[in-house]
Amino acid sequence: MKKKVSLPMQILIALILGVIVGLICYFTGTADFTANYLKPFGTIFVNLLKFIVVPVVLFSMIDGILSMDDMKKVGAVGWKTVAFFLCTTAIACVIGLVMANIFNGAGLFPTLALEEGAVWEKATSAKFMDTLVGIFPSNMWDAFVKANMLQVIVIALFFGGAIMAAGEKGKLCRDIVTSFNEVINKLMAFIISLSPIGVFAMMAWVVATQGAQILGSLALVLLCAYIAYIIHAVLVYSFSAKAFAGINPVKFFKGAFAAMMFAFTSTSSAATLPVSKECAHELGAEDDIAAFVLPLGSTINMDGTAIYQCVATVFLATCAGMHLTIGQMVTIVVTATLASIGTAGVSGAGMIMLAMVLTAMGIDVNLIMIIYGVDRLFDMGRTCLNVTGDIACSLCVTKWESKKSKK
């Protein structure tokens, strides 16, 4: 009997084939083929994941809260998750700045000018209090329709706590949640099995349509960001998984590979949630903790975005003829870390964070337009990193909670 090829291996093969097909289409001038005939299949797959993500988060979180059977444990898991992400975001900023200064110091960053008429017309700030108010939904169905993940998390917390508080009278609701969660998991497994098709289609389209930018003047800026992404994943996430969860780094990356590759091609942490949940489960994260940590992480974990901001800020400062001091770099770390809280759940959070950092540094926000055209290429790496961090956090919190329960 032939051994079935594992899903991570299927995704890797699809990724490689996508790159090959994309390069062929790019160099033969047939990029329109990927945009017209391949990308739609990738879009269909991403749509399926987005369709399933709200019920997955809602029912798995409520079921996870009921499985914990203790709101104190829910609170403990919550603050440990937030603390983990704040610490790793600050470290990500430092890594991003170090790499950006190495590249800049070696004269590897190009000095590009802003095209005439290019103006950044989107948001340049996000108030924490506005974000805080926006977390609490005024209309439950509106939160579901817009897939506002922070609001969905709050809804799950309220319903989970209320069902728990209802005791025996809430048993029917418990059973309904458990039943729905099981059905959603089966549907999720079917959709995930289609992921190689989605990865192939999206990768072929990206390479075929953005090959010029990959090979162009911003190649070294992209390289700098990706080296920083890799360093952060290896030094911070695999070290955390080893030190706190006792998982070998090779095993960790092998287990998280499917989610990493899908995040890389889809550029959506939320859409990757079903795959992340499967990977975290396989690596040993408790289902109830993973059901809580992963949706929260997909919304507030900004490590990849923090690295991107730091690299982009140093690069754009060079374009503006500015030399950043040590004090300004410390300000970048603080601003970016705090901005990751203030922009959580905001549409286009990465660019708003970058605009906030540039404003704090006194750099013309319009310079964002220099790199805006290749933002998706940066986004692929930072989303992959963010999802890796979500899985690492679920493993660490699982270990911390298991130690506490043994005392």
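Me: What is the mean pLDDT of the chain?
Reply: The model is predicted, and each residue carries a confidence from 0 to 100. Across the chain, 90% of the residues reach 70 or more. The mean pLDDT of the chain is 85.

Me: In which helix is confidence highest?
Reply: Confidence varies along the chain, and the lowest mean, 73, belongs to helix 4 (residues 128–135). The highest mean is 93, and the helix with that value, residues 219–245, is helix 9.

Me: At about what angle do helix 2 and helix 6 pack?
Reply: Helix 2 covers residues 31–68 and helix 6 covers residues 149–166. Their axes lie 8 Å apart, and helix 2 passes helix 6 in a right-handed crossing. The packing angle is about 35°.

Me: How many charged residues are in the contact of helix 2 with helix 6?
Reply: Helix 2 contributes residues including V54, L58 and I65, while helix 6 contributes M149, F159 and G160, among others. By class, the contact holds 16 nonpolar and 2 polar residues. The number of charged residues is none.

Me: Which helix gives the most residues to the largest nonpolar core?
Reply: The largest nonpolar core has 130 residues, and those touching the most other members are F109, F252, F315, I371, F378 and I391. The top contributor to this core gives 15 residues, and that element is helix 2.

Me: Which residues does F315 touch, not counting residues up to four places away in sequence?
Reply: F315 is among the residues of the largest core that touch the most other members. Contact here means heavy atoms within 4.5 Å. With residues up to four places away in sequence left out, F315 touches F109, P110, L112, L218, V221, I370 and I371.

Definitions and conventions:
Residues numbered from 1 in each chain as written. Predicted model: local features only at pLDDT ≥ 70, side-chain atom pairs only at ≥ 80, totals over all residues. Heavy atoms only, no water. Axes fitted to C-alpha atoms, helices over the stretch in contact; angles between N-to-C directions. Helix = DSSP H or I, 4+ residues; strand = E, 2+ residues; numbered from the N terminus. Left-handed = near helix turned anticlockwise from the far one by under 90°. Nonpolar A, V, L, I, M, F, W, Y, C, P; charged D, E, K, R; others polar. Core = buried A, V, L, I, M, F, W, Y, C linked by side-chain atoms within 4.5 Å. Buried < 20%, exposed > 50% of the residue type's maximum accessible area, 1.4 Å probe, protein only. pLDDT = per-residue confidence, 0-100.
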